[in-house]
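Visitor: I should like a close look at the open and enclosed spaces of this protein, and at the packing around them. Please take the largest pocket as the starting point and work outward from there.

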Amino acid sequence: MLYFARWKITLILAVCVAGVLLSLPNFLSRETLSALPQWYAQNRVSLGLDLRGGSHLLLEVDMSAVIRDRVETLVDSTRTQLRQANIGYTGLTPGDRSVTVQVRDPNQVEEAVRQLRQLAVRVGSGALGGGVPDLDVGASGSTVTATLSDQALRDRATQAVEQSIEIVRRRIDETGVAEPIIARQGTDRILVQLPGVEDPDRIKRLLGTTAKMTFRLVDPNADPTVGRAPPGSEILPSTEGGRGQQSYVIRRKVEVDGANLTNAQASMNSQTAEWIVNFEFDSVGARRFAEVTKANVGRPFAIVLDNKVISAPVIREPITGGRGQISGNFTAQSANDLAVLLRAGALPAPLRVIEERTVGPDLGADSIRAGLISVAVGFVLVCVYMIASYGLFGIFACLALLVNVVLTLAALSVLQATLTLPGIAGVLLTLGLSVDANILINERIREEAKKGRTVFASMEAGYHRAYSTIVDANLTTVIKMALLFIFGVGTVKGFAVTITFGILTSMFTATVLVRLMMVVWLRRTKPAALPV
């Protein structure tokens with residue numbers, strides 16, 4: 001174990017130099033980095049919310065809205081299904097999580113139950129080919145009731161949270177926030193941490209908007225000022241303000257769904273100098289849009305966003321290209337925000353901000369300063385102990401410990417990881433864990449030297465006997481950190497990653513780099529006794 005081939009020495013030194021070069025961008029100014037190649041300059045460690053400052057939001061998914069939308073859809077589907085099956089009914093009544101209908105002919109009750117069971121949607125794992133139906137349909141006399149099942153509600157809640165997390169991530173990515181933390185917390189909550197965000201109100205608006213866009217026909221025969229909409233329609237407010245009507249009577253039937261949008265971009269109308277949002281449909285949406293506009297020339301066509309009418313232009317001619325534009329009382333930012341929302345997709349349910357914290361940049365700077373001081377003090381104390389206990393071999397261990405910190409920083413830089421206060425704590429803990437291997441080796445060498453062995457024999461036996469213990473100890477720690485990473489969230493994962501890289505690099509610095517230093521010292525000085 002005390003022999004090093006020339007290629008091994010070259011490889012060890014190359015690893016150390018590479019670590020220094022890869023960690024260097026973290027200490028360079030922005031002006032210097034701009035002159036360097038992008039692939040090299042971008043290898044930096046990002047600072048987390050607690051170090052850089054930013055916003056912390058805890059969002060809650062409004063499951064009541066999910067249930068309410070499903071019940072409303074079920075009412076329309078029940079009406080259509082029973083009419084197509086020629087089943088007479090009265091008293092179609094929605095409940096909190098059920099729909100009740102009275103069948104006129106008692107002989108058609110069983111057929112009505114069968115028809116309503118066909119309206120069930122399978123949710124949960126394997127919903128395409130399996131899952132569980134979300135409806136329990138039963139009859140009592142001539143009354144047929146379709147109720148959302150408990151299991152289906154739980155599966156739908158899980159699905160809504162997972163979809164919301166993905167859409168929240170897409171919306172935040174559109175804003176250019178670097179290294180956001182988005183994670184599920186509990187059954188119906190989402191944790192969002194945004195380092196460096198200077199306008200948290202805009203982010204809250206983006207995340208708090210459901211952005212459910214639909215294209216529906218306006219009912220031309222109904223007056224919104226009457227206060228009551230005819231069956232199959234509803235009265236929705238307008239966002240046009242003083243520029244147009246205050247409300248419209250809109251058909252409930254969705255002609256084209258915003259889910260078929262593939263792109264949306266904000267731009268300025270060259271003729272009116274107003275901000276607009278250009279949109280584009282996929283093939284299904286384009287075909288449906290063409291069919292609707294062709295069949296309804298001369299009728300107003302409402303663009304509805306979150307139950308508010310953005311505009312209701314009159315269809316002048318069929319629109320067959322699958323493209324259109326949304327005009328309204330937009331500013332540059334509101335037009336861009338709407339484009340972001342449409343590109344990211346609609347949330348399955350509204351999100352409520354139930355907790356909000358803001359970390360100022362001054363507090364982040366204080367945390368960085370305190371973290372660096374703690375790491376420096378820890379490094380000095382460890383080095384004092386090692387040098388006092390093992391002399392020259394302790395100095396070797398301190399040099400290796402410095403290389404260990406550099407290599408850990410280099411690994412985090414390559415991954416462009418986010419460093420938080422727990423991450424700094426992980427670096428500090430790594431300082432102590434890294435020298436454990438050197439302590440084991442030095443103690444083994446000391447024991448062998450006391451037995452009267454020669455210098456070379458003592459070092460050979462010390463490394464050989466301590467190696468298996470070092471591997472076992474570090475392996476168990478890595479396993480624990482892996483569990484923390486798998487089951488932890490946010491900063492806990494950062495702590496686990498920092499410790500893991502610190503341990504892996506310590507295996508190199510303690511058992512390889514320090515051994516190389518000892519071998520070079522032995523060959524040059526050929527001591528009669530070991531300095532331990």
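Guide: The account below begins with the largest pocket and then turns to the other spaces, the cores, the whole chain and a few single residues.

This is a predicted model, in which local features need pLDDT of at least 70 and side-chain atom pairs count only at pLDDT 80 or more, while totals for chains, interfaces and linings use all residues. Residues are numbered from 1 along each chain as its sequence is written, and side-chain values use heavy atoms, with hydrogens and water left out.

The largest pocket holds about 1,600 Å³ of space. A pocket here is an open set of points, on a 1 Å grid over the protein atoms alone, with protein on both sides within 12 Å along at least five of seven lines; a cavity is a set of points where a 1.4 Å probe fits but cannot get out, and lining residues have an atom within 4 Å of a point. Grid points are joined across faces, edges and corners, and a volume is the space filled by probe spheres set on the points. The lining of the largest pocket numbers 46 residues, and D69, T73, K212, T214 and D257 lie nearest its centre. Two or more lining residues come from each of α5 (63–84), α7 (150–175), β11 (213–217) and α10 (332–344). Helices (H or I, at least four residues) and strands (E, at least two) are DSSP runs, numbered from the N terminus. Helix α5 supplies the largest share of the lining, 11 residues. By class, this lining has 19 nonpolar, 11 polar and 16 charged residues. In this scheme Ala, Val, Leu, Ile, Met, Phe, Trp, Tyr, Cys and Pro count as nonpolar, Asp, Glu, Lys and Arg as charged, and the others, Gly among them, as polar.

The second largest pocket contains about 1,200 Å³ of space. It is lined by 37 residues, and N26, R44, V45, S46 and L47 are the closest to its centre. Helix α12 (residues 392–414) gives the most to this lining, with 6 residues. The classes here are 20 nonpolar, 13 polar and 4 charged.

Helix α12 also takes part in an enclosed space. The whole structure has 1 cavity of 30 Å³ or more, and the largest cavity holds about 30 Å³. Its lining consists of A397, A400, L401, N404, S434, V435, N438, S506, T509 and A510. Helices α12, α13 and α15 each give two or more of these residues, with the largest share, 4 residues, coming from α12. This lining divides into 5 nonpolar, 5 polar and no charged residues.

These three helices recur in the largest nonpolar core. That core has 45 residues, among which F393 and M459 touch the most other members. A nonpolar core is a set of buried Ala, Val, Leu, Ile, Met, Phe, Trp, Tyr and Cys residues joined through side-chain atoms within 4.5 Å. Buried means under 20% relative accessible area, exposed over 50%, and partly exposed in between (1.4 Å probe, protein chains only). The elements that give two or more residues to this core are α1 (6–23), α11 (361–390), α12, α13 (421–450), α14 (455–487) and α15 (491–525). Helix α15 contributes the most, with 11 residues. A second, separate core has 26 residues, including M213, F289, A335 and L341.

As for the whole, the chain has 15 helices and 21 strands. Its C-alpha atoms fill a box of roughly 105 × 60 × 40 Å along the principal axes, and 43% of its 532 residues count as buried.

Two buried residues show local packing. D62 sits in the loop between β2 (54–61) and α5 and is buried, with a relative accessible area of 15%. Leaving aside residues up to four places away in sequence, D62 touches A349, P350 and R352; contact means heavy atoms within 4.5 Å. S233 belongs to strand β12 (residues 233–237) and counts as buried at 4% relative accessibility. With that sequence limit of four places, S233 touches D219, V249, I250, R251 and R252.

Finally, Q416 lies in the loop between α12 and β21 (418–419). Its phi is near 50°, a positive value in a residue other than glycine, and Q416 is partly exposed, with a relative accessible area of 29%.
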